[in-house]
Amino acid sequence: MSLTVPPALLEAAEAGPVDDDAFVACVRDSLPYAWATVTRVVTDLQSSTGDFADNVVPPPTEAERGQLLRALASDAIRSGLERHFGVKLAFQNCHRVAAFRLSAVDTDVYRRFVSTRGQLLNQSPELRDC
C-alpha cells in the first residue's frame, strides 16, 4: 500500500522541502480508511476529558488493515498526522490506534499503553493473524 502522489507534489518533493499540508492531504486521499480511523479517534479524544482515546474495532478488510499499517508504520506519515491533529499517536496490533493528548505523553497512562507489557496484554487469539 503506497501513497498516490499527485505529479505537482512529486515535483515539489524533487525540488526541495514539501508543504506539510500538501503531504497530509496526500495521506488523506491515499489512505482514506486510515485517515477516517485516526480522525475518529482524535474526535473522540477532543470530546472527552481523558488522556487518550483509542480504536478497538478491527478493519473490515485486509485492504483497510493495510492502510492503517501503512499510515502508522511510516515515521513520516505518522509524524505528519500527529502534527496535523496535535496529538501523539500510539499503535498496538493491527488496529488499536490511540491518540494521546500531548500533555499525557510522559504519563503512566501513556507509558503503560506503549509498554511491552501493554502490548502483551492486548493480545488475543483473534488478533494473532493480523
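Against which elements do the buried residues of H5 pack? In this predicted model, the buried residues of H5 pack against H2, H3, helix H4 (62–73) and E2. The residues of H5 that are buried are Ile77, Gly80, Leu81, Glu82 and Phe85, so that a glutamate side chain is listed beside aliphatic and aromatic residues under the cut-off of under 20% relative accessible area. The helix is followed by Gly86, whose phi is positive, near 70°.Phe85 of H5 also takes part in one of the aromatic pairs, of which a search of the whole structure finds five. Trp35 and Phe85 form a tilted pair, with 5.2 Å centre to centre and 45° between the planes. This pair links distant parts of the chain, since Trp35 belongs to helix H3 (residues 32–46) and Phe85 to helix H5 (residues 75–85), 50 residues apart. Both Trp35 and Phe85 are buried. A second pair is made by Phe100 and Tyr110, whose ring centres are 4.9 Å apart and whose planes stand at 90°, so the pair is edge-to-face, the cut-off for this class being over 60 degrees. Because Phe100 lies in strand E3 (residues 96–101) and Tyr110 in helix H6 (residues 108–114), the pair ties together parts that are 10 residues apart in sequence. Phe100 and Tyr110 are likewise buried, and the two residues belong, with Phe52 and Phe113, to one aromatic cluster.

The strand that carries Phe100 is part of an open sheet of three strands, arranged in the order E1-E3-E2 with antiparallel pairing. Strand E1 (52–54) and strand E2 (87–92) are the edge strands, each of which pairs on one side only. On average, and with direction ignored, neighbouring strands of this sheet are turned by 20° against each other. The antiparallel strands E2 and E3 are joined by six bridges, and Leu89 has Ala99 as its bridge partner in E3. Helix H3, in which Trp35 is found, lies across E1, E2 and E3 and runs at about 40° to E3.

Helix H2, one of the elements against which the buried residues of H5 pack, was examined at two of its residues, Asp29 and Ser30. Ser30 lies in helix H2 (residues 20–30) and has a relative accessible area of 10%, which places Ser30 among buried residues because the cut-off is under 20%. A polar atom of the Ser30 side chain lies 2.8 Å from the backbone oxygen of Cys26. When neighbours within four places in sequence are left aside, Ser30 is in contact with Leu3 and Thr4. Asp29, also found in helix H2, counts as exposed at 55% relative accessibility. The side chain of Asp29 makes a polar contact with the side chain of Arg28, at 3.1 Å. The C-alpha atoms of Asp29 and Val5 are separated by 9.3 Å, although the two residues are 24 residues apart along the chain.

Conventions:
Residues numbered from 1 in each chain as written. Predicted model: local features only at pLDDT ≥ 70, side-chain atom pairs only at ≥ 80, totals over all residues. Heavy atoms only, no water. Phe/Tyr/Trp six-rings, centres within 6.5 Å; stacked < 30°, edge-to-face > 60°. Helix = DSSP H or I, 4+ residues; strand = E, 2+ residues; numbered from the N terminus. Buried < 20%, exposed > 50% of the residue type's maximum accessible area, 1.4 Å probe, protein only. Polar contact = N/O pair within 3.5 Å; in protein donor to acceptor, adjacent residues only side chain to side chain. Contact = heavy atoms within 4.5 Å. Pairing = 2+ DSSP bridges. Axes fitted to C-alpha atoms, helices over the stretch in contact; angles between N-to-C directions.
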